[in-house]
Amino acid sequence: MGNAEAGAEVATLLACLGSQRRHVLEALEGLDEEALRRAVLPSGWNCLGLVRHLALDVEQFWFRGALAGEPEVIEWALTEHEEPWDVGPGVPAADVLALYRRQIELADTVITACAPDAAPTWWPTEIFGDWRLDTAREVVLHVITETACHAGHLDAARELIDGHQRLVLT
């Protein structure tokens, strides 16, 4: 694959991922602190916890960890750490949203620097065993899928919180 083709593919992948990331953030627009922390499903997760999960377990882990092999992210992934889904009562919602936006910026730098066919720098066999994503393309597609799935979760949670529907086509 030539540089122009690879660049076009990366741009397309980033555009698709960016659309899903915006969906996540738009689903939460206008919610206050209490609503962002309210659990509306029996599992007990809340919108802020899901966004923190996306920031740390998804954006940070897959791009800065698996693709870039950043030692501090690998160490974080392989050690006991605070559950990303848990957002303490003293953590402002704005901080969680800023964390997600910052991890997106850092991830985009990694994605832009990778050729679509490049292998991940680090693969956590300790976590996944034999399952594997073999290329940067597969990692980005995995994250697009996970982000889209969670964006849908946020749409449902938002409708349960205040009845708001992000996109309704009739």
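The exercises below, each with a worked solution, concern a predicted model of a single chain.

**Exercise 1. Find which helix has the highest mean pLDDT and which has the lowest.**

Begin with the chain as a whole, which averages a pLDDT of 94, with 97% of the residues scoring at least 70. Then turn to the elements of the chain: the highest mean, 98, belongs to helix H5, residues 93–113, while the lowest, 88, belongs to helix H6, residues 125–128.

**Exercise 2. Describe the largest nonpolar core and state which elements contribute to it.**

The core holds 50 residues, and those that touch the most other members are Leu-28, Trp-62, Phe-63, Tyr-100 and Leu-154. Next, list the elements that give two or more residues to this core: they are H1 (3–28), H2 (33–37), H3 (47–67), H4 (71–78), H5 and H7 (136–162). Finally, look for the element that gives the most, which is H3, with 13 residues.

**Exercise 3. Work out how Trp-62 and Trp-123 are arranged as an aromatic pair, and which parts of the chain they link.**

The count of aromatic pairs in the model comes to ten. In the pair formed by Trp-62 and Trp-123, the ring centres lie 5.6 Å apart and the planes make an angle of 45 degrees, an arrangement that counts as tilted. To place the two residues, note that Trp-62 belongs to helix H3 whereas Trp-123 sits in the loop between H5 and H6, so that the pair, with its members 61 residues apart, links distant parts of the chain. Both residues are buried.

A further step leads from Trp-123 to Phe-128, since these two also form a tilted pair, again with 5.6 Å from centre to centre but with 35 degrees between the planes. Trp-123 counts as buried because its relative accessibility is 9%, which is under 20%. Phe-128, by contrast, counts as partly exposed because its value of 26% falls between 20% and 50%. Taken together with Phe-61, Trp-122 and Trp-131, the residues Trp-62, Trp-123 and Phe-128 form one aromatic cluster.

The surroundings of Trp-62 can now be filled in: leaving aside neighbours within four places in sequence, Trp-62 is in contact with Trp-123, Phe-128 and Trp-131, and its other contacts include Leu-133, Val-139, His-142, Val-143 and Glu-146.

**Exercise 4. Decide whether Asn-46 and Gln-60 are buried or exposed, and describe what each of them touches.**

Asn-46 has its place in the loop between H2 and H3. With a relative accessible area of 15%, Asn-46 is buried, because this value is under 20%. A polar atom of the Asn-46 side chain lies 3.1 Å from the backbone nitrogen of Leu-48. Beyond four places in sequence, the contacts of Asn-46 are with Leu-36, Arg-37, Arg-38 and Ala-39.

Gln-60 lies in helix H3. Its relative accessible area is 10%, and therefore Gln-60 is buried as well. When neighbours within four places in sequence are left aside, Gln-60 is in contact with Ala-55, Gly-65, Val-73, Trp-76 and Gln-103.

**Exercise 5. Compare the span of helix H7 with the expected value, and say what follows the helix.**

Helix H7 has 27 residues, and the distance from its first C-alpha to its last is 38 Å. At 1.5 Å a residue the expected value would be 39 Å, to which the span of H7 is close. After H7 comes Gly-163, whose phi is positive, near 80 degrees.

**Exercise 6. Set separation in sequence beside separation in space for Leu-99 and for Ala-118.**

Leu-99 is found in helix H5. Although Leu-99 and Val-51 are 48 residues apart in sequence, their C-alpha atoms are 8.9 Å apart in space. Leu-99 is also in contact with Arg-52, Ala-55 and Leu-56, with neighbours up to four places away in sequence left out. Its relative accessible area is 26%, so Leu-99 is partly exposed.

Ala-118 belongs to the loop between H5 and H6. Along the chain Ala-118 and Val-91 are 27 residues apart, and 37 Å separates their C-alpha atoms. Outside the span of four places in sequence, Ala-118 touches Asp-134, Thr-135 and Ala-136. Ala-118 is partly exposed because its relative accessible area is 27%.

Notes:
Residues are numbered from 1 along each chain as its sequence is written. Side-chain values use heavy atoms; hydrogens and water are left out. pLDDT is the predictor's confidence in each residue, from 0 to 100. Helices (H or I, at least four residues) and strands (E, at least two) are DSSP runs, numbered from the N terminus. A nonpolar core is a set of buried Ala, Val, Leu, Ile, Met, Phe, Trp, Tyr and Cys residues joined through side-chain atoms within 4.5 Å. Buried means under 20% relative accessible area, exposed over 50%, partly exposed in between (1.4 Å probe, protein chains only). Contact means heavy atoms within 4.5 Å. A polar contact is a pair of N or O atoms within 3.5 Å; within protein, one must be able to donate a hydrogen and the other to accept it, and residues adjacent in sequence count only if both atoms are side-chain atoms. Rings of Phe, Tyr and Trp (its six-membered ring) pair if their centres lie within 6.5 Å; planes under 30 degrees apart count as stacked, over 60 as edge-to-face and the rest as tilted. The expected span of a helix is 1.5 Å times one less than its number of residues.
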